[in-house]
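The following exercises concern a predicted model. Each task is followed by a solution that proceeds step by step.

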Amino acid sequence: MINELIYVYCIAINPPGLIDELKSRGLKSISIDEFNVLIKNVPENEFSEENLRLHIADLHWLEANVREHINVIGIIMGYTPVIPFKFGTIFNSLEGLEKFVADYSGSLLENFELISGKEEWAVKIYCDRKALSKHIDELSEPAATLEKQIMASSPGKAFLLQRKKADLIENEMDRICKECGQSYFNELTVLSGATHLNNLLPKEVTGRDDTMLLNAAFLVGKDKVTDFKDMTTKLGSREVNSAFSVELTGPWPPFSFISINEKTQ
Amino acid sequence: MNENVIDRSRDITILEVLDRVLNKGVILTGDIVISVADVDLVYLGVKLMLSSVETMEQLKSGKH
């Protein structure tokens, strides 16, 4: 007999039965206490610890499976609140899964309470530093003052001051980016129940020419989602900040707001 | 059913998805589970970018 493992996608409360689409993809919804756990039996030759490690290094395998993971959770999320699991969480046995649910039932209920009626939205803010530097004299008083000095100086002195200004511009742009990111974050925080800051991603990863200055997740009440979206549009189109762009994606399963993490315990 | 981001996931980059699913959600360790070790998103992202550039090049050279 082939030994099968249990891949867990998410936990839901009272899902409206398992939709055919998921059934045909081999998924099962099993009841444990008051919870419903979305699982799939997976073969050891693909998902044992050793095989999983090998597969992760294969980008095609990783992409296909990661998309499957989030796709399944997304479908369930359309019907009922879900607690998503980190990609690639596999139980060795049903007993182990049952023990987890029993041990963590209080914590699971707390998490459900936190996320129900809310959606996770992700906001990334980017700055086009080239565009920003063109407007620096309008946005920075020290830069404008120095520019006036340059205009009034002899060519030799102007040359030295230009070099000084180049450094000043970099520092001023850092300051403006920080202030802008913080003010956008504050405006959006007012409309959300919880926030989570993610790591900034470098240009080699985003593939964009502009610089990421905020990568945040917001837990937004369903009644506030329209306001939240409107606010991101408003922030993204502020005239004085044409160098900044705001990217909004969602609703996501509430990955960023689940507080069941054995690594930190 | 409301439309969510997953319905439009073709438009969402794999990086955006990885940013959510790799190190967030319910995170378990210990004897009862097998789980993916921490993966550095930046490292993976660079690998993905390189591989997508390669794929693009292959597509281009295949078409022309």
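**Exercise 1.** Determine in which sense β5(A) and strand β1 of chain B pair, and over how many bridges.

*Solution.* Strand β1 of chain B comprises residues 33-35. Its pairing with β5(A) is antiparallel and extends over three bridges. Within this pairing, the residue standing opposite A:Phe91 is B:Val33 in β1(B).

**Exercise 2.** Describe the side of chain A that touches chain B: how many residues are in contact, which element gives the largest share, and how do the residues divide by character?

*Solution.* Begin with the count: 46 residues of chain A are in contact with 37 residues of chain B. Next, identify the contributors. Elements of chain A that give two or more residues include α3 (49-56), α4 (59-77), β5 (89-91), α5 (94-115) and β9 (244-252). The largest share, nine residues, is that of α4(A). Finally, consider character: this side of chain A divides into 23 nonpolar, 15 polar and eight charged residues.

**Exercise 3.** Classify the packing of helix α9 (residues 155-190) and helix α11 (residues 225-236), both of chain A, and state which residues make the contact.

*Solution.* The two helices pack at an angle of about 165 degrees, and their axes are 10 Å apart. Angles over 145 degrees count as roughly antiparallel, and therefore α9(A) is roughly antiparallel to α11(A). The crossing of these helices is right-handed. On α9(A), the contact is made by A:Tyr184, A:Glu187 and A:Leu188; on α11(A), by A:Phe228, A:Met231 and A:Leu235. By character, the residues of this contact are five nonpolar, no polar and one charged.

Technical notes: Residues numbered from 1 in each chain as written. Chains lettered and ligands numbered in written order. Predicted model: local features only at pLDDT ≥ 70, side-chain atom pairs only at ≥ 80, totals over all residues. Axes fitted to C-alpha atoms, helices over the stretch in contact; angles between N-to-C directions. Helix = DSSP H or I, 4+ residues; strand = E, 2+ residues; numbered from the N terminus. Parallel < 35°, antiparallel > 145°, perpendicular 65-115°, else oblique. Left-handed = near helix turned anticlockwise from the far one by under 90°. Contact = placed C-beta atoms within 7 Å. Nonpolar A, V, L, I, M, F, W, Y, C, P; charged D, E, K, R; others polar. Pairing = 2+ DSSP bridges.
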